[in-house]
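Here are my notes on the structure you asked about. Please read them with the structure open beside you.

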Amino acid sequence: MRRTGSKCPRIRLWGPPLLLEVKLTFLILVLIGTNIAHAATVAVEVRSGEQPALVLVDGKLESGDGDRFRYTTAFLSSAIVSFRSDGGSVAAGIQIGEIIRLKGFTTSVSRDARCASACALAWLGGTKRLMSAESKIGFHAAYTADGRETGVGNALIGAYLNKIGLPYSAVAYITQAAPRSMTWLSAAEAKKHGIDVELVGSPQVANAPAPVVLSAAPVVPSATPPPTKPPQVIGQQACVAEFARLRDDVQKKRPCCEGGE
């Protein structure tokens with residue numbers, strides 16, 4: 001007897017539609033895996049006591065990395081964010097920089113690290129910016145996917161830099177290099193353009209003479225007399241002197257000759 005009017009959907013387990021569905025699913029997984037593989041990693045190390053946490057941002061910045069950074073650091077009240085990246089999404093770099101500034105984090109690029117393009121924009125968000133003389137921090141103008149400079153992108157960068165308190169000269173300096181070029185930051189250029197940085201690990205600091213600490217008040221010689229010998233020592237010396245005196249008296253009273261008449 002044939003059953004009719006079944007409400008169950010018919011599922012085809014063969015044929016071109018199923019093959020097409022498998023191919024599409026595989027393509028989606030490949031694309032997802034590709035994005036994950038190239039996205040930046042955000043690692044957090046929580047330290048004991050009142051020391052700020054250490055956050056490492058490593059790799060190319062993708063469009064979703066701003067949200068990933070926000071979720072990963074949401075529980076932190078203080079942190080030092082260290083960067084190692086050649087750039088990526090300008091929007092992600094600006095977003096990470098805004099989060100850093102909002103939370104009052106410090107940013108850092110170690111002496112052996114390179115932080116360029118969008119990464120450098122994120123580094124600028126620190127309320128305190130750390131770098132060494134050997135750090136590679138690079139800026140250039142924003143550009144589209146086909147390599148052309150974009151005024152809209154530069155406008156977004158300018159608005160962000162103004163928001164975090166940098167002057168117009170800093171905006172011009174940061175966006176002056178062409179998309180295929182790079183302006184590498186130095187401590188002297190940072191000072192010239194109003195970008196506050198703290199130089200760490202420099203030879204000038206390492207070889208500087210130790211500071212001379214001056215007392216706030218003059219040292220007044222103590223009026224207390226020098227300590228005297230303990231009473232027991234004085235008593236012992238008196239006994240020794242008395243013993244010597246008695247011995248001398250005995251020797252004086254002995255006869256001058258001994259051993260017979």
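The numbered points below go through strands, a disulfide, ring contacts and two single residues.

1. Status of the model. This is a predicted model. Please keep that in mind when reading each distance and angle below.

2. The sheet containing β5, β7 and β8. Three strands form an open sheet in the order β5-β7-β8, and the pairing in this sheet is mixed. Its edge strands are β5, residues 114-116, and β8, residues 183-184, each of which pairs on one side only. The mixed pairing can be followed strand by strand. β5 runs parallel to β7, residues 136-139, and 3 bridges join the two. Between β7 and β8 the pairing is antiparallel, with 2 bridges.

3. Bridge partners in that sheet. To find the β5-β7 pairing on screen, start at R114, whose bridge partner in β7 is K136. For the β7-β8 pairing, look at G138, which has W184 in β8 as its bridge partner.

4. Strands β4, β6 and β9. Strand β6 covers residues 128-131 and pairs with β4, residues 106-109, in the parallel sense over 4 bridges. One place to see this is T106, which stands opposite K128 in β6. β6 is also joined to β9, residues 198-199, by 2 bridges, and these two strands run parallel as well. Here L130 has E198 in β9 as its bridge partner.

5. The disulfide. How many disulfides does a search of the whole structure find? The count is 1. The disulfide is formed by C115 and C119, with 2.1 Å between their sulfur atoms. For a first-year reader: a disulfide is a covalent bond between the sulfur atoms of two cysteines. The torsion about the S-S bond of C115 and C119 is about -110 degrees, so this disulfide is left-handed.

6. Surroundings of the two cysteines. Are they buried or exposed? C115 has a relative accessible area of 0% and is therefore buried. C119 also counts as buried, because its relative accessibility is 0%.

7. Charges over rings. Two cases can be inspected. The charged end of K136 sits over the ring of W184, at 4.4 Å from the ring centre. Both residues came up in point 3: K136 is the bridge partner of R114, and W184 is the bridge partner of G138. In the other case, the charged end of R180 sits over the ring of Y143, 5.6 Å from its centre. As for rings paired with rings, the structure holds 0 aromatic pairs.

8. Residue N154. N154 is located in helix α5, residues 151-163. Its relative accessibility is 16%, so N154 counts as buried; the cut-off for buried is under 20%. The side chain of N154 reaches the backbone nitrogen of A142 at 2.9 Å. Leaving aside residues up to four places away in sequence, N154 touches A141, A142, E149 and T175.

9. Residue A74. A74 lies in the loop between α2 (65-73) and β3 (79-84). Is A74 buried or exposed? A74 is exposed, because its relative accessible area is 51% and the cut-off for exposed is over 50%. Across the sequence, A74 and K103 are 29 residues apart, while their C-alpha atoms are 9.1 Å apart in space.

How values were computed: Residues are numbered from 1 along each chain as its sequence is written. This is a predicted model: local features need pLDDT of at least 70, side-chain atom pairs count only at pLDDT 80 or more; totals for chains, interfaces and linings use all residues. Side-chain values use heavy atoms; hydrogens and water are left out. Rings of Phe, Tyr and Trp (its six-membered ring) pair if their centres lie within 6.5 Å; planes under 30 degrees apart count as stacked, over 60 as edge-to-face and the rest as tilted. A charge sits over a ring if NZ of Lys or CZ of Arg is within 6 Å of the ring centre and within 35 degrees of the ring normal. Two strands pair if DSSP finds at least two bridges between them. Buried means under 20% relative accessible area, exposed over 50%, partly exposed in between (1.4 Å probe, protein chains only). A polar contact is a pair of N or O atoms within 3.5 Å; within protein, one must be able to donate a hydrogen and the other to accept it, and residues adjacent in sequence count only if both atoms are side-chain atoms. Contact means heavy atoms within 4.5 Å. A disulfide is a pair of cysteine sulfur atoms within 2.5 Å.
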